[in-house]
Amino acid sequence: MIGLLLWKEPGGGRRAVTLREISVMHARLLLAEVARGPKTPEAVVRRRVAAAGKRLRKQGVIQAVLPRDFSYGPALAKAGVGPVSTLPLRQALAADHTRWLLAERGIPAAGARVAVTAGTLTGQVARTVTELCLRHRYVLLDLPYGGEELCRQLRREYGVSLLLGPDKDQLEGAEALVLFDPRTDLTCRNPAVLRLYDETAPLPPLLLPPALEEKLPEGADRAQLLAFLREAGVLRLGQIAIGWKCQ
C-alpha cells in the first residue's frame, strides 16, 4: 500500500501521530497525520515524522505522498519510506509540457524546433517523440541506437519525419530541449528545457476537472498525488490538463 502523510493541527487531546486507511477516488492509502503547529519546535516535528515513518514502514509502506514543500525527507528515509516518484507522470506529460513552455515564452509551437535526447528508446520515449512529431514541424531525436525503426514507423503511419542524430549545435539551437537523461555535454540554455529525470524540476500547473478536484485531500504534494492516482489506474492522463482549465 502507498502512504499519505499530512499535517494536522495539534491539541484537542489528540495523539501527535495517527494512522488510518482512507480512499481517494477509490484508491486506498494509509494516511499518517502528524501534529504540527506554528509554534511546534522543529526537533519535535522531526521526531513525529520519524515516528510516522516507522509506523508506515511497519505496515509495509515504502512510498508515500508527502505534504507540499516537505523538508523532513531524511527523517522519513531513515525509516525506509520515500516519496512517490513523479518521473512517470512527468514523462507522460512531456509533449503537453513542451507546448505549454513554448507558449509561455511566446514561441509559435508549429514552427519550433524540438530536440529530444535519451539514453535508450523506451516505450515512453517513442510515445513522446510521436506526439511531438504530430504537433511540431521540426523534431530532432538524439539516441545511441534504435531510432531508425521509429523514423520509418512515423513516416509510414503518420507521414511525418524527424531528424535523427543531430549534432551538438543543432541540439543547443532548438527552441525546446527534452531530456530523458542527463547531458553534461550540453549547456541547456535553450528557451524551453524539460529535465524529465529530475524530481525537483519545476512543473506547470496540473489541473483536474472540478468534479475530481474536490475529491483530492488538501495539503498533499500535487504532482506526487496525481502520479499515484494515475499509477493506481483511477486517473486517466487525459483528465490532467497543463496550465489550462479542463472543459
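This report describes a parallel sheet, two helices, a buried asparagine, the cysteines and an aromatic cluster in a predicted model.

## The parallel sheet

The sheet considered here is open and consists of five strands in the order β8-β7-β6-β9-β10, paired in the parallel sense. Strands β8 (163–164) and β10 (192–195) stand at its edges, and because each has a single partner strand, one side of each is left without a neighbour in the sheet. Strand β6 (residues 113–117) is joined to the parallel strand β7 (residues 138–142) by five bridges, and within this pairing T117 has D142 in β7 as its bridge partner. Towards β9, which also runs parallel to β6, there are four bridges, with V116 finding its bridge partner in V178 of β9. Strand β9 in turn pairs with β10 in the parallel sense, over four bridges, and here the bridge partner of A176 is A192 in β10.

The burial of β9 can be followed residue by residue: A176 and V178 lie on one side, L177 and L179 on the other, and all of them are buried, so that both faces of the strand are covered.

## A buried asparagine between β9 and β10

The loop between β9 (176–179) and β10 contains N190, which counts as buried because its relative accessibility is 6%, under the 20% cut-off. Which backbone oxygens lie close to polar atoms of the N190 side chain can be read from two distances: 2.9 Å for the oxygen of L171, and 3.4 Å for the oxygen of E172. When neighbours within four places in sequence are left aside, N190 is in contact with L171, E172, G173, A174, E175 and L177; of these, L177 has already been met as a buried residue of β9.

## Helix α5 and the cysteines

Helix α5 (residues 123–135) has 13 residues, which at 1.5 Å a residue should span 18 Å, and the 19 Å between its end C-alpha atoms agrees with that expectation. The buried residues in α5 are Q124, V125, A126, T128, V129, T130, L132 and C133. Their cover includes the helices α3 (87–92), α4 (94–104) and α6 (147–158) together with the strands β6 and β7, so the helix is placed against two strands of the sheet described above.

C133 of α5 leads to the question of disulfides, of which the structure holds zero. For C133 the closest cysteine sulfur is that of C151, at 8.0 Å, which is too far for a bond, and the relation holds in the other direction as well, since C133 provides the closest cysteine sulfur to C151. C133 is buried at 6% relative accessibility, and C151 is likewise buried, with a relative accessible area of 9%.

## An aromatic cluster

Three aromatic pairs are present in the structure. In one of them, the ring centres of W7 and Y72 are 5.8 Å apart and the planes stand at 80°, so the pair is edge-to-face. This pair links distant parts of the chain, given that W7 belongs to strand β1 (residues 2–8) whereas Y72 sits in the loop between β4 (63–65) and α2 (73–77), 65 residues apart. Ring pairs also bring F70 into a cluster with W7 and Y72. As for accessibility, W7 is partly exposed at 25%, while Y72 is buried at 4%.

The accessibility values of the individual residues discussed so far are collected here.

| Residue | Relative accessibility | Class |
|---|---|---|
| N190 | 6% | buried |
| C133 | 6% | buried |
| C151 | 9% | buried |
| W7 | 25% | partly exposed |
| Y72 | 4% | buried |

## Helix α9 and its ends

How much of helix α9 (residues 222–231) is buried? Seven of its 10 residues are, so the helix is largely enclosed by the rest of the structure. The buried residues are A223, Q224, L225, L226, A227, F228 and L229. At the N-terminal end, α9 is capped by D221, one of whose side-chain oxygens lies 3.2 Å from the backbone nitrogen of A223, itself one of the buried residues of the helix. Just after α9, G233 adopts a positive phi of about 85°.

Definitions and conventions: Residues are numbered from 1 along each chain as its sequence is written. This is a predicted model: local features need pLDDT of at least 70, side-chain atom pairs count only at pLDDT 80 or more; totals for chains, interfaces and linings use all residues. Side-chain values use heavy atoms; hydrogens and water are left out. Two strands pair if DSSP finds at least two bridges between them. Buried means under 20% relative accessible area, exposed over 50%, partly exposed in between (1.4 Å probe, protein chains only). A polar contact is a pair of N or O atoms within 3.5 Å; within protein, one must be able to donate a hydrogen and the other to accept it, and residues adjacent in sequence count only if both atoms are side-chain atoms. Contact means heavy atoms within 4.5 Å. The expected span of a helix is 1.5 Å times one less than its number of residues. A disulfide is a pair of cysteine sulfur atoms within 2.5 Å. Rings of Phe, Tyr and Trp (its six-membered ring) pair if their centres lie within 6.5 Å; planes under 30 degrees apart count as stacked, over 60 as edge-to-face and the rest as tilted.
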